[in-house]
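Trainee: I have a model open and would like to talk it through with you. Could we start with how the chains are related?

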2 protein chains.
Amino acid sequence: MEYKVLADLQTPALVLDIDIMQANIDKMAARAKELGIPLRPHLKTPKSVHIAQMLKRAGAQGFNVSTIKEAEYFHAAGIDDLYYCVPFAPNKAARAVALVEADCLLTLMTDSLDGARAAIKAIEAIEAIEAIDGTVELDFTIEIDVDGYRSGAPLGSPDIVTAAKLFESSPRTRFAGIMSYAGASYGKTPDETRELTEQHLKALAATKADLLAAGFGCDIVSIGSTPAVLHATNLDGATEARAGIYTFQDLFQAGIGACTIDDIALSVVSSVISRQPKYNRFVIDAGGLALSKDRSTQGKPYDALYGLVCDAKTGKQMGDLVVSLVSQELGLVTSLSGLPVDLGAFPIGSLVRVLPNHADMTAAAYESYAVVAGTDEIKHIWSRTNRWDEEEE
Amino acid sequence: MEYKVLADLQTPALVLDIDIMQANIDKMAARAKELGIPLRPHLKTPKSVHIAQMLKRAGAQGFNVSTIKEAEYFHAAGIDDLYYCVPFAPNKAARAVALVEADCLLTLMTDSLDGARAAIKAIEAIEAIEAIDGTVELDFTIEIDVDGYRSGAPLGSPDIVTAAKLFESSPRTRFAGIMSYAGASYGKTPDETRELTEQHLKALAATKADLLAAGFGCDIVSIGSTPAVLHATNLDGATEARAGIYTFQDLFQAGIGACTIDDIALSVVSSVISRQPKYNRFVIDAGGLALSKDRSTQGKPYDALYGLVCDAKTGKQMGDLVVSLVSQELGLVTSLSGLPVDLGAFPIGSLVRVLPNHADMTAAAYESYAVVAGTDEIKHIWSRTNRWDEEEE
């Protein structure tokens with residue numbers, strides 16, 4: 001079937017406004033240019049080769065991925081220089097080796113001496129390396145913990161230099177540099193974020209100095225988080241800036257002031273399937289699976305519960321309609337203020353679009369995007385990758 | 001690759017303990033027998049033909065589905081008598097017609113006069129019906145709202161009889177009966193649930209009486225929710241009982257006393273990828289996408305945050321380890337009590353299993369189950385269906 005307009009789709013379906021996304025991409029590219037730093041966008045948000053190409057055209061110098069499966073998908077599609085910036089699990093060794101053997105420019109990461117040992121042991125155990133090509137070497141970076149947000153080696157730990165040494169000692173690995181993630185920037189003001197970013201830059205510089213003093217190169221000094229890049233005065237000392245969510249934006253980002261509602265490029269189109277005047281609400285066929293149950297906006301200045309309801313044709317907000325509750329396949333829509341909802345405007349079978357709380361989580365429920373540009377006309381259907389396992393599902 | 005034990009899988013991966021599930025299935029089958037009512041299990045939880053067959057062997061008399069795609073998947077696999085018990089969106093008319101034309105025993109649902117009109121209009125517009133078979137008729141039920149939990153026509157509304165009349169008047173539809181969903185049973189004590197179920201039975205009986213008085217048959221009187229069936233004294237007047245989550249169970253169900261932790265058949269196996277003594281935690285490669293961001297256990301008597309961490313081999317709980325925070329691909333594991341975590345027991349690359357807050361949401365991130373029976377030995381890999389669109393992704 002040919003899809004001409006959103007009404008041709010089976011609901012729920014994922015919609016992407018290419019004009020809004022292009023503006024987001026351009027804005028971040030300009031910001032990186034202003035800071036004079038190469039931008040390495042994260043593909044864990046879009047997970048689509050078409051969007052990677054748009055990012056590349058806007059000047060992206062390599063990409064981040066969050067799974068080996070993303071690396072496989074993008075490499076197969078001709079997108080290269082991929083930084084798998086999640087601490088490496090040894091069971092992914094064979095797939096990482098296969099990618100590098102296939103000339104994928106892949107960089108890996110761990111955050112500990114034990115992690116380095118486990119990775120090297122698993123990689124050296126892959127028999128195929130010897131058989132296929134004696135020169136295969138996997139590049140590893142080490143994550144530094146600055147703000148306690150997630151993974152990362154303790155700042156100043158001697159293990160960092162020892163791990164670098166291990167990577168340099170194995171014939172199958174190479175030490176490539178360091179990185180940190182300013183995850184704590186979420187929930188901070190722009191001024192606080194600037195300060196946090198300064199701390200990260202200092203920590204990275206000190207770690208690099210330790211490594212250089214110990215005789216190791218440190219080609220990569222990578223810093224990340226969308227707010228860190230948006231609000232930084234400078235990123236001096238870093239060799240690249242990582243940012244991801246900015247391509248789509250979402251209600252969480254709008255809530256922390258990283259964008260406005262109008263900058264959100266992603267939405268879910270769904271059908272009205274029930275109206276209940278008694279409860280001042282209508283019901284749509286987009287529930288917890290279609291929207292995700294992400295409630296990261298909870299307690300934030302702007303909280304639209306499970307999503308903000310918009311006009312299906314224009315994508316524009318309609319008053320204060322929100323998805324107040326979800327079950328697996330149903331979403332209950334009411335007004336945030338409690339003011340009467342004009343149910344006459346939403347006959348059974350009519351469409352609405354819902355803006356997501358967290359774009360990454362919502363997009364993951366779908367295998368493709370219906371791409372529009374300011375209207376309900378479908379310009380393209382773009383595929384995306386999902387999940388973790390090797391393709392053959 | 002052949003998967004012999006959980007350690008052969010790429011993490012994160014979905015694990016199903018068939019022994020626990022079989023016990024859950026048997027228990028509910030015995031409960032339905034005790035109540036003397038045909039059991040119609042919901043397939044929205046397992047979404048797998050193998051599990052539908054197990055349910056059938058235990059006496060299931062038909063099934064519920066939550067999407068047209070599930071109906072297509074199960075019908076193609078030879079599982080029939082499917083009740084798509086979500087208010088019907090007119091854009092699904094062609095697929096519903098195609099299923100009935102292919103001799104699928106399919107029952108549909110709406111909850112309003114407008115819903116009936118929209119459904120009939122969309123179904124009558126499918127040109128293929130005339131062309132292929134003049135006798136195709138789609139069965140529709142009407143949902144009654146009793147407890148305000150989600151969709152449903154207001155109790156006693158004359159629209160119910162009028163909608164039945166519309167379905168009987170169209171050459172393409174037939175009125176098949178009524179249903180209600182005791183969703184409000186979640187969050188109630190067993191005694192309160194019994195009382196709620198009584199209210200539902202009374203409402204269904206009154207609605208059936210109205211329909212019979214108006215000259216319409218009412219073959220189906222369907223009542224649902226796992227707690228309603230578990231705690232009911234009787235389900236007199238209903239022709240079938242619907243229940244779903246009981247096949248897998250989850251932490252939410254355990255929290256409301258519908259099962260114990262040992263009854264949870266579903267888990268996610270993941271790898272330790274970082275250890276952080278400073279924060280008394282380790283990090284696994286199962287984050288928000290692998291576990292879901294469902295927080296339905298929040299504020300409930302038993303809250304394990306994003307999931308309860310168990311031994312990878314036995315599936316048994318290990319102290320009070322929980323996933324305290326998730327990002328897209330990372331989960332932070334710590335003790336709920338704050339007591340020191342024995343990080344030495346969790347080297348990088350070792351495995352843990354995580355029990356889900358909400359099984360439906362977690363399972364939806366995967367295309368298959370690694371099926372075990374009390375150990376880490378993989379007995380089968382079973383596929384499942386996901387999403388909404390027609391297959392061709």
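Mentor: Copies are superposed here by least squares on the C-alpha atoms of residues with pLDDT of at least 70 in both. This is a predicted model, in which local features need pLDDT of at least 70 and side-chain atom pairs count only at pLDDT 80 or more, while totals for chains, interfaces and linings use all residues. Residues are numbered from 1 along each chain as its sequence is written, and chains are lettered from A in the order in which they are written.

Trainee: What turn lays chain B on chain A?

Mentor: A turn of 180 degrees with a shift of 0.0 Å along the axis does it, at an RMSD of 0.0 Å, and that is the relation of a two-fold axis. In chain B, the C-alpha nearest the axis belongs to B:Lys293, 2.7 Å from it.

Trainee: And how many residues does the contact take from each chain?

Mentor: Counting residues as in contact if their C-beta atoms, placed from the backbone, lie within 7 Å, the contact takes 56 residues from chain B and 56 residues from chain A. Of the interface residues of chain B, 100% are also interface residues in chain A, so the copies meet through the same surface.

Trainee: Switching to helix H2 of chain A, which of its residues are buried?

Mentor: They are A:Ile51, A:Ala52 and A:Leu55, where buried means that 20 or more other C-beta atoms, placed from the backbone, lie within 10 Å of the residue's own. Seen down the axis of H2(A), these fall within an arc of 105 degrees (taken from the directions from the helix axis to the C-beta atoms), so they line one face of the helix.

Key: A residue is buried if 20 or more other C-beta atoms lie within 10 Å of its own, exposed if 12 or fewer, and partly exposed in between; C-beta atoms are placed from the backbone. Helices (H or I, at least four residues) and strands (E, at least two) are DSSP runs, numbered from the N terminus. Two residues are in contact if their C-beta atoms, placed from the backbone, lie within 7 Å.
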